[in-house]
Amino acid sequence: MNTETVGADTEHPSPIRNFSVRLSSTPRGARLARLLATEQLRTWGLPSDPAEHIVAELAANAATHGRVQGRDFDLTLYVIGATLRIEVTDTRAERLPCTRRPSPDDESGRGLLLVEALADRWGTAPGRPPRKTIWAEVDLRPAPAPAPAPAPAPSDARFGGTGCLFPRTQG
């Protein structure tokens, strides 16, 4: 049996985690990308929001705009330190994404606007031909502390439901 001892000086204070999967460039593959990413984030103990929405948009774009018959797309998630990096690689390097402002009547064209709004950073990277990667990064923030419970309203009848002080009537 082979064993390896790792000294304290070689251990990473925050482990690098990664997950990668190849999926068909179809609506079903895009849906599966979102489901697998959500489950992987849950396994890592990380919140799925907003990452699942980013994965859904990037995977849908790969299946729609990056699709080449018979070729798949790759989904990769990395957690390095306090950053989650989402990468979707397709085989249409000549079709780079661009954000546009769709008219209110347009039925599509808002995906990258959502990615831009939800991600802390995003962009593209060329790959080995004919590939390109669209990536987005989300800063993992600690969960906000629960808000303190509101102070109970005084039992004095001079206070109304909104906490306003009503003048006391003499009577």
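These exercises work through helix packing, cis peptide bonds and the largest pocket in a predicted model.

**Exercise 1. Work out how H1 and H2 are oriented to each other, and which residues meet.**

Solution.
- Step 1. Start with the axes. Those of H1 and H2 come within 8 Å and cross at roughly 155°.
- Step 2. Apply the cut-off. Angles over 145 degrees count as roughly antiparallel. H1 and H2 are therefore roughly antiparallel.
- Step 3. Add the hand. This crossing is right-handed.
- Step 4. List the contact. H1 gives Pro27, Ala30, Ala33, Arg34, Ala37, Thr38 and Leu41. H2 gives Ala51, Glu52, Val55, Ala56, Ala59, Ala60 and Ala63.
- Step 5. Sort by class. The H1 contact with H2 holds eleven nonpolar, one polar and two charged residues.

**Exercise 2. Repeat the analysis for H2 and H3.**

Solution.
- Step 1. H2 covers residues 51-64 and H3 covers residues 111-118. Their axes lie 9 Å apart, at an angle of about 150°.
- Step 2. The cut-off for roughly antiparallel is again over 145 degrees. H2 and H3 are therefore roughly antiparallel.
- Step 3. The H2 and H3 crossing is left-handed.
- Step 4. On the H2 side, the contact uses His53, Ile54, Glu57, Leu58 and Asn61. On the H3 side, Gly111, Leu112, Leu114, Val115 and Leu118 take part.
- Step 5. By class, the H2 contact with H3 has six nonpolar, three polar and one charged residues.

**Exercise 3. Locate two cis peptide bonds and place each in its loop.**

Solution.
- Step 1. Take Asp49 and Pro50. A cis peptide bond joins them, with omega about 10°.
- Step 2. Place Pro50. The loop between H1 (27-43) and H2 holds this residue.
- Step 3. Take Pro129 and Pro130. They too are joined by a cis peptide bond, and omega is about 10°.
- Step 4. Place Pro130. This residue sits in the loop between strand E4 (121-126) and E5.

**Exercise 4. Describe the largest pocket: its volume, its lining and the elements behind it.**

Solution.
- Step 1. Read the volume. The largest pocket has about 520 Å³ of space.
- Step 2. Find the centre. Of 25 lining residues, Asn61, His65, Pro97, Cys98 and Leu112 are the closest to it.
- Step 3. Assign elements. H2, strand E3 (83-90), H3 and strand E5 (132-139) each give two or more residues to the lining. The largest share, six residues, comes from H2.
- Step 4. Sort by class. The lining divides into ten nonpolar, eight polar and seven charged residues.
- Step 5. Link back to Exercise 2. Asn61 and Leu112 are among the residues where H2 meets H3, and both are also listed by the pocket centre.

Terms used: Residues are numbered from 1 along each chain as its sequence is written. This is a predicted model: local features need pLDDT of at least 70, side-chain atom pairs count only at pLDDT 80 or more; totals for chains, interfaces and linings use all residues. Side-chain values use heavy atoms; hydrogens and water are left out. Axes are lines fitted to C-alpha atoms, for helices over the stretch in contact, and angles run from 0 to 180 degrees between N-to-C directions. Helices (H or I, at least four residues) and strands (E, at least two) are DSSP runs, numbered from the N terminus. Angles under 35 degrees count as roughly parallel, over 145 as roughly antiparallel, 65 to 115 as roughly perpendicular and the rest as oblique. A crossing is left-handed if the near helix is turned anticlockwise from the far one by less than a right angle, and right-handed if clockwise. Contact means heavy atoms within 4.5 Å. Ala, Val, Leu, Ile, Met, Phe, Trp, Tyr, Cys and Pro count as nonpolar, Asp, Glu, Lys and Arg as charged, and the others, Gly among them, as polar. On a 1 Å grid over the protein atoms alone, a cavity is a set of points where a 1.4 Å probe fits but cannot get out, and a pocket is an open set with protein on both sides within 12 Å along at least five of seven lines; lining residues have an atom within 4 Å of a point. Grid points are joined across faces, edges and corners, and a volume is the space filled by probe spheres set on the points.
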